[in-house]
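Colleague: I've got this model open and I'd like a close look at one part of it, the sheet and whatever packs on it. Could you walk me through that slowly, and then tell me how the rest fits around it?

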Amino acid sequence: MQGNNTQSTGNLIGAKVYFDGSQLIAIPHTEKPYRKRGNKIRAKPNENETVAEFEQAFKKAKGKRRKRKETLIKEFTPLFENEEQASEFVEEHFNRLSRNHWERYKRMIRRAYLQAWDYFVTFIFDSEKHTEETFRKQLMNCLYHLSNRKGWRYIGVWERGELGKRLHFHALMHIPQGAMVGELEEHNDYSTKRRKWEKSVQNSFFNERFGRSDFDAIVCNRSVSDSVNYMLKYLSKSDEKVVYSRGLKTYLVADILDEDILCPYHLDDEYENKYILFSNFTCITNGEILGTVSPEVIAQMPKCN
């Protein structure tokens with residue numbers, strides 16, 4: 001036994017398990033995980049166009065939540081019969097877009113902590129080799145083929161540098177042993193941002209085809225956490241979507257023993273129940289005990305989205 005639980009739940013069969021960066025969480029299996037939403041407030045005269053306009057205005061609105069809502073209500077009131085209808089419309093779609101952003105964050109965090117990563121990589125646009133459009137397209141095409149042919153896995157986001165607004169692509173990457181392309185080479189370059197010389201490890205294959213590439217080795221869980229937080233920071237500043245390679249999953253699927261449950265977990269109302277697990281819980285699938293949770297055992301566990 002791990003210890004005394006605050007609540008006896010019985011074993012959880014086919015639970016979805018994720019790591020949020022600090023603790024393991026189990027979601028009991030259910031056929032109806034989501035609650036129904038309320039009736040929508042429809043805009044006039046053309047709802048689809050109005051919603052599209054709102055989404056653009058939502059991106060541009062600045063300030064804290066209350067101020068942004070006030071700005072949007074003022075902007076959209078002329079499209080409705082009265083301010084009350086406009087307010088209800090803004091409230092609904094403001095919450096929808098905010099919820100969508102949060103869902104993107106959660107999905108990225110959960111997928112990032114479920115994988116084993118080797119590098120945090122940055123690819124930097126070089127105007128002598130590409131336009132921004134060809135840089136995006138050809139880099140994504142290259143990574144797509146490396147994923148299919150060599151088993152590379154990645155989670156990445158696009159962003160622009162703070163000084164020159166130069167386009168970057170940041171990614172956590174898993175590169176199987178023997179699947180590296182090009183050569184990793186140590187460079188010593190001057191950083192105009194930090195105003196000092198810095199050593200970096202760059203890849204000859206990507207440098208030749210796209211511009212500068214930095215391959216920083218992931219050495220511990222802290223490196224993964226720092227990399228995830230870094231990408232989330234830029235994701236919050238832009239409307240860019242997270243880029244995932246194929247095959248990345250969000251959850252482990254496991255049978256959880258009652259003795260491995262530390263306590264109930266209540267953070268949001270997406271699911272009725274969640275539970276915090278002990279950090280060394282026993283991984284069981286289809287009645288087979290694979291061992292206590294570890295990277296090696298996780299690799300054997302079934303996974304899902």
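Modeller: Let's start with β4 and β9, which are joined by two bridges and run antiparallel. If you want a pair to click on, I155 stands opposite Y244 in β9. Keep in mind that this is a predicted model.

Now step back to the sheet that these two strands belong to. Five strands make up an open sheet, and the order is β8-β3-β5-β4-β9, with antiparallel pairing. Its edge strands are β8 (213-217) and β9, each of which pairs on one side only.

For a look inside the sheet, go to H168, which sits in strand β5. Is H168 buried or exposed? Its relative accessible area is 14%, and the cut-off for buried is under 20%, so H168 counts as buried. Setting aside neighbours within four places in sequence, H168 is in contact with T122, F123 and I124, and also with V157, W158, E159, R160 and G161. Take I124 as an example: H168 and I124 are 44 residues apart in sequence, yet their C-alpha atoms are 4.6 Å apart in space. The side chain of H168 also reaches the backbone oxygen of R166, at 2.6 Å.

Next comes the helix that packs here, α4. This helix covers residues 132-150, which is 19 residues, and at 1.5 Å a residue it should span 27 Å; the end C-alpha atoms are 26 Å apart, so the two figures agree. Which residues of α4 are buried? They are F135, L139, M140, C142, L143, L146 and S147. Those residues cover an arc of only 160° around the axis, which means that they lie on the same side of α4. The spacing makes sense if you recall that an α-helix has 3.6 residues a turn, so residues three or four places apart point the same way. On the other side of α4 you'll find E133, K137 and R149, which are exposed.

So what do the buried residues of α4 pack against? Their partners include three strands of the sheet we began with, β3 (119-124), β4 (153-160) and β5 (167-174). The edge strand β9 (243-244) is also among the partners, and so is the helix α5 (204-209). Just after α4, look at G151, which takes a positive phi of about 80°.

From α5, it's worth a detour to Q202, which is found in strand β7 (residues 196-203). Q202 is buried, with a relative accessible area of 4%. Its side chain makes two polar contacts that you can check on screen: one with the side chain of S200 at 3.0 Å, and one with the side chain of N207 at 2.9 Å. N207 also turns up in the list of residues that Q202 touches, not counting those up to four places away in sequence. The others in that list are E183, L184, E185, H187, D189, R212, S213 and D214.

Further along the chain there is another set of strands, with β10 (residues 251-256) as the one to follow. This strand is mostly covered, since five of its six residues are buried. Which strands does β10 pair with? Strand β1 (residues 12-19) is joined to β10 by four bridges, and they run antiparallel; here K16 stands opposite V253. Strand β15 (residues 303-304) pairs with β10 over two bridges, again in the antiparallel sense, and K303 of β15 is the bridge partner of L252.

One residue that touches this region is T282, in strand β13 (residues 282-285). T282 has a relative accessible area of 19% and is buried. Leaving out residues up to four places away in sequence, T282 touches D255, D260, I289, G291 and T292.

Finally, here's how the rest fits around all this. The protein has seven helices and 15 strands, and buried residues make up 42% of its 305 residues. Of the contacts with a separation of 6 or more, 66% are between residues 24 or more positions apart, and the H168 and I124 pair, 44 residues apart, shows you what such a separation looks like. As for the outside, the accessible surface comes to about 18200 Å², and 47% of it belongs to carbon and sulfur atoms.

Definitions and conventions:
Residues are numbered from 1 along each chain as its sequence is written. This is a predicted model: local features need pLDDT of at least 70, side-chain atom pairs count only at pLDDT 80 or more; totals for chains, interfaces and linings use all residues. Side-chain values use heavy atoms; hydrogens and water are left out. Buried means under 20% relative accessible area, exposed over 50%, partly exposed in between (1.4 Å probe, protein chains only). Contact means heavy atoms within 4.5 Å. Accessible areas come from the Shrake-Rupley method with a 1.4 Å probe; for residues, only the protein chains shown count as cover. The expected span of a helix is 1.5 Å times one less than its number of residues. The arc is that of the directions from the helix axis to the C-beta atoms. A polar contact is a pair of N or O atoms within 3.5 Å; within protein, one must be able to donate a hydrogen and the other to accept it, and residues adjacent in sequence count only if both atoms are side-chain atoms. Two strands pair if DSSP finds at least two bridges between them.
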